Amino acid sequence: MVFASLLMPISQLNPNKADAACLPGDIREDCIGIYKLPMDDAAAKYVETPEMLKMYAPDLKWVEPIQYPATYQDAINQLKEQRQNFDVAQENIAKGDIRQAGLILLDVVPKVTAAGRYIVRSYSIAANNERNKASD
């Protein structure tokens with residue numbers, strides 16, 4: 001009884017819905033500080049369309065999946081662009097505008113992840129090609 005009376009005030013603090021996760025690329029303010037589902041091939045099939053997402057995770061808001069760069073040079077350019085956006089986020093933090101910095105980072109992080117993964121894959125493919133040439 002005492003335990004329940006202690007929890008009652010806590011349960012009344014915020015009766016609103018608690019969003020527990022967001023998709024990468026969801027740049028709503030509600031997604032700042034919230035878990036982002038991983039950007040990997042295993043999860044992609046469950047979130048690639050609004051219909052699939054509604055079937056597997058109806059509480060999540062669907063957003064267009066982050067597009068991977070088409071070429072190595074596109075990946076490099078994307079990293080350079082996102083570096084500029086990151087600098088703006090740092091400026092916002094220095095000014096005390098944490099909310100705006102968080103919104104920028106919601107956009108930056110998945111794009112940097114996509115570009116970085118493309119570059120790593122490119123190096124892996126190139127290394128495998130070199131090994132295959134050497135073994136011929």
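Me: Why is the pairing of the side chains of Asp-87 and Arg-83 called a salt bridge?

Reply: The term requires a side-chain nitrogen of Lys or Arg within 4 Å of a carboxyl oxygen of Asp or Glu. For Asp-87 and Arg-83, the N to O distance is 3.1 Å, and the pair therefore satisfies the 4 Å criterion. The model is predicted, so that local features need pLDDT of at least 70 and side-chain atom pairs count only at pLDDT 80 or more, whereas totals for chains, interfaces and linings use all residues. Residues are numbered from 1 along each chain as its sequence is written, and side-chain values use heavy atoms, with hydrogens and water left out.

Me: Where do Asp-87 and Arg-83 lie in the secondary structure?

Reply: Both belong to helix α4, residues 72–95, and are 4 residues apart, about one turn of the helix. Helices here are DSSP runs of H or I with at least four residues, strands are runs of E with at least two, and both are numbered from the N terminus.

Me: What makes Asp-87 buried, exposed or partly exposed?

Reply: Buried means under 20% relative accessible area, exposed means over 50%, and partly exposed lies in between (1.4 Å probe, protein chains only). Asp-87 has a relative accessible area of 27% and is therefore partly exposed. Its partner Arg-83, at 47%, is also partly exposed.

Me: How do you know that Asp-107 forms a salt bridge with Lys-111?

Reply: The closest N and O atoms of Asp-107 and Lys-111 are 3.1 Å apart, which satisfies the criterion. The two residues are 4 residues apart in helix α5 (residues 98–135), so about one helical turn separates them. Asp-107 counts as partly exposed at 24% relative accessibility, and Lys-111 likewise at 26%.

Me: What makes Asp-30 and Arg-28 a salt bridge?

Reply: Their side chains meet with an N to O distance of 3.8 Å, which satisfies the cut-off. Asp-30 has a relative accessible area of 45%, and so it is partly exposed; Arg-28, at 27%, is partly exposed as well. Asp-26, Arg-28 and Asp-30 are linked in a network of salt bridges. The structure holds 6 salt bridges.

Me: Why is the link between Cys-22 and Cys-31 called a disulfide?

Reply: A disulfide is a pair of cysteine sulfur atoms within 2.5 Å. The S to S distance between Cys-22 and Cys-31 is 2.1 Å, which meets that limit. A search of the whole structure finds 1 disulfide. Both Cys-22 and Cys-31 are buried.

Me: Why is the disulfide of Cys-22 and Cys-31 assigned its handedness, left-handed or right-handed?

Reply: The torsion about the S-S bond is about -85°, and the disulfide is therefore left-handed.

Me: What makes Ala-70 buried or exposed?

Reply: Ala-70 has 61% relative accessibility and therefore counts as exposed. This residue lies in the loop between α3 (50–56) and α4. The C-alpha atoms of Ala-70 and Tyr-118 are separated by 8.6 Å, although the two residues are 48 residues apart along the chain.

Me: What elements make up the secondary structure of the protein chain, and how many are there?

Reply: The chain comes to 5 helices and 2 strands. From the N terminus on, these run α-β-β-α-α-α-α.

Me: What percentage of the residues of the protein chain count as buried?

Reply: Of the 136 residues, 21% count as buried.
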